Amino acid sequence: MEILKGVGASKGIAIGRLLFYTASPYKVEKKNVEDTVAEQQRFEEARQKAIDSLNRIYEKALLEIGEEDSLIFQIHAMMLDDLDYVENITGLIANEKVNAEYAVSETAKQFAAMFSSMDDEYMKQRSADVFDVSKSLVRELASIKEQSLDDITGQVIVAADDLMPSETVQLDKSKVLAFVTRSGSKISHSAILARTMGIPAVVGLDNAFDSLTDEGSVIVDGFTGSIYVEPDCETMEQFTQRREEYLLSRKKLLELKDKPSETLDGIKIEINANIGHPSDITLVQENGAEGIGLFRSEFLYMDSDDFPTEDTQFAVYKEILTRMKGQRVIVRTLDLGADKHVPYFNISNEDNPAMGYRAIRICLTRPEIFITQLRALLRASVYGRLAIMVPMVTSLDEVLKTKEIIEAVKAQLKVEGIEYADHFEFGIMIETPAAVMISDILAQHVDFFSIGTNDLTQYTLAVDRMNHTISHLYDPRHLAVLRMMKLTVENGKKHGIWTGICGESAADLELIPTFLAMGVEELSVTPTAVLDVRQKVCETNLNECRADILQRLDSGISR
Ligand code: PEP
Ligand code: MG
């Protein structure tokens, strides 16, 4: 038996035989072309085909793994549309009279080098993306037929030098027990996809990959990143048992799908899901969320070349409310600005965009945009249980102005004879220290608070959430943040309103007893975290730990 060490990229254990998947080798050669216009045309046709293929994969991925993880395919299609990238290729063909395959592969090298040299970790990752999209383009140009992962017979563990996200998402879960790759990292897109799809994976094996053969069986341990080649009987038995235990624990988690979220001592809490797109609802329902605690409505604006019309928005809100069949759907109004921009808003560059012109600040100064969204929301309100939530609030004035606009929209709709629900909840996000400190006043004017810990952490600690250099200082468990949250809940309770959490912290299992002890009544998390959170709630005995937790928060020991 040989033990190989890689990086555990997706949890789970698989035992089986290996199937080597090799993208057909293709070496790009430099060739001279005379008719550069025809060559540019050939490139253009291949580019369109590659974009179409990525869009098809995106649509498939949307249904299987949801909006967030499918975005990579949209980003790849957008890269193929990037003017600098395209012009670099057509320029090389025209100026150096070279074939399109060569022009693409040279451009890929130049762009990848540029991304790799950047300080920002996120931009560094883009260099792998440029290679991925360029590889698809070259294969389209050279009409290379790939070995299809669809043709797998029986159940196998796929071994490959690397898997592109487009290849990973096409893996058939019923046949692929796991995958192992020579390259890749924990945060590569394929690893992220494997986690969403629930396929165990070990990546980054480097030279150890050469020790793998398709003879005999292997054990893949996605927890530790170990691979056992031709395991002995004892190891085989041990891992068979561990795999069974793990599968049983996943099954038990699924049993919680329709169970109430209630602590051992009977405290009920609502566990909702955060979504960014209507297609995420499939995952929301598969994971037994009780409603939608945050619908980030920005995608309507970010996926569009111009302001989305009232009818476009109405159709989306109506679809979500209808599909959620009377469960509460909290739609957050437009939260653009800071790190989220769309060109047609024409927002000028700011030195400090996180503290700049964003969210409710845009809505209140450009009421025509706000009114369009509110009209669409109110029209859709008759199709389910709508709640409207406003982001980035810092003052009572913003809340009162928003309520005035909502009343004006209602009056307009009434005059036009358009129906809207008699009652819907109106809440605000608590994501600035200002909102926390006046939460006693704000609570008298709204139906609920939802704490946005992502922004509340950034503003409380003065740590830009996008700045990787100081990411070690970004700590949602910081005592200052926890005390901000506690004060918010207390002020909400004093005035009879409920408080939830929709930032990433809501899924921090270690903090859940703390949130419950504070009196938080709702947690909204990414759909795939709903069951883990429910399990944690169901295991907690608040009577046993409440006093201790509150005492720790008061005395300054946060955990
Ligand atoms: C938050 O700030 O916690 C939040 C949920 O909003 P977003 O992450 O979209 O800014
Ligand atoms: Mg926020």
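1. Let me start at the end of helix 16. The residue that follows this helix is A462, and its phi is positive, near 55°. Most residues other than glycine have a negative phi, so a spot like this deserves a look in the viewer. Keep in mind throughout that this is a predicted model.

2. Helix 16 itself runs over residues 453–461. Is it enclosed or open? Eight of its nine residues are buried, so the rest of the structure largely encloses helix 16. The buried ones are T453, N454, D455, L456, T457, Q458, Y459 and L461. They pack against quite a list of elements: strand 10, strand 13, helix 14, strand 14 (448–451), helix 17 (479–494) and strand 15 (498–501).

3. One of those buried helix 16 residues, D455, also takes part in the metal site. The magnesium ion (ligand 2) is coordinated by E431 through OE and by D455 through OD, at 2.1 to 2.3 Å. E431 sits in the loop between strand 13 (425–430) and helix 14 (433–437), while D455 belongs to helix 16, so the pair ties together parts that are 24 residues apart in sequence. Both E431 and D455 are buried.

4. Now for ligand 1. There are 14 residues around it, and R296, R332, G452, N454 and R465 come nearest. Which element gives the largest share of this shell? That is helix 16, with three residues. Strand 10 (292–296) and helix 16 each supply at least two residues of the shell. By type, the shell around ligand 1 divides into seven charged, four polar and three nonpolar residues.

5. The polar side of that pocket is worth checking residue by residue. The side chain of R296 has an N or O atom 2.8 Å from an oxygen atom of ligand 1. For the side chain of R465, the corresponding N or O atom is 2.9 Å from a ligand 1 oxygen. E431, which also coordinates the magnesium ion, has a side-chain N or O atom 2.9 Å from an oxygen atom of ligand 1. Taken alone, ligand 1 exposes 290 Å², and the protein buries 97% of that.

6. Q373 is another one to click on. You'll find it in helix 12 (residues 367–380). With a relative accessible area of 1%, Q373 is buried. Its side chain makes a polar contact of 3.0 Å with the side chain of S297. Setting aside residues up to four places away in sequence, Q373 touches S297, Y301, Q313, Y317, R332, T333 and L334. R332 in that list is also among the residues that come nearest to ligand 1.

7. What does the side chain of R534 reach? It gets to the backbone oxygen of G288, at 2.7 Å. R534 lies in helix 19 (residues 530–539) and is buried, with a relative accessible area of 0%. Beyond its neighbours within four places in sequence, R534 is in contact with L256, K257, K259, P260, S261, I271, N287, G288, A289 and E290.

8. Y420 is in a loop, the one between helix 13 (396–415) and strand 13. Buried or exposed? Y420 is buried, at a relative accessible area of 17%, and the cut-off for buried is under 20%. Not counting neighbours within four places in sequence, its contacts are L378, S381, V382, K410, L413 and K414. From Y420 to L377 the C-alpha distance is 8.9 Å, although they are 43 residues apart in sequence.

9. Compare that with E59, which is in helix 1 (residues 36–79). The C-alpha atoms of E59 and V104 are 26 Å apart, with their positions 45 residues apart along the chain. E59 is partly exposed, with a relative accessible area of 47%.

10. Last, two loop residues to go with A462. D206 has a positive phi near 50° and is not a glycine; it is in the loop between strand 6 (201–203) and strand 7 (217–221). N346, again a residue other than glycine, has a positive phi near 50° and lies in the loop between strand 11 (328–332) and helix 11 (360–365). N346 is exposed, with a relative accessible area of 67%.

Conventions. Residues are numbered from 1 along each chain as its sequence is written. Chains are lettered from A and ligands numbered from 1 in the order in which they are written. This is a predicted model: local features need pLDDT of at least 70, side-chain atom pairs count only at pLDDT 80 or more; totals for chains, interfaces and linings use all residues. Side-chain values use heavy atoms; hydrogens and water are left out. Donors are N, O and S atoms within 2.8 Å of the metal (3.2 Å for Na, K and Ca); water is not among the atoms, so sites may look incomplete. Helices (H or I, at least four residues) and strands (E, at least two) are DSSP runs, numbered from the N terminus. Buried means under 20% relative accessible area, exposed over 50%, partly exposed in between (1.4 Å probe, protein chains only). A residue is near a molecule or strand if one of its heavy atoms lies within 4 Å of it. A polar contact is a pair of N or O atoms within 3.5 Å; within protein, one must be able to donate a hydrogen and the other to accept it, and residues adjacent in sequence count only if both atoms are side-chain atoms. Accessible areas come from the Shrake-Rupley method with a 1.4 Å probe; for residues, only the protein chains shown count as cover. Ala, Val, Leu, Ile, Met, Phe, Trp, Tyr, Cys and Pro count as nonpolar, Asp, Glu, Lys and Arg as charged, and the others, Gly among them, as polar. Contact means heavy atoms within 4.5 Å.
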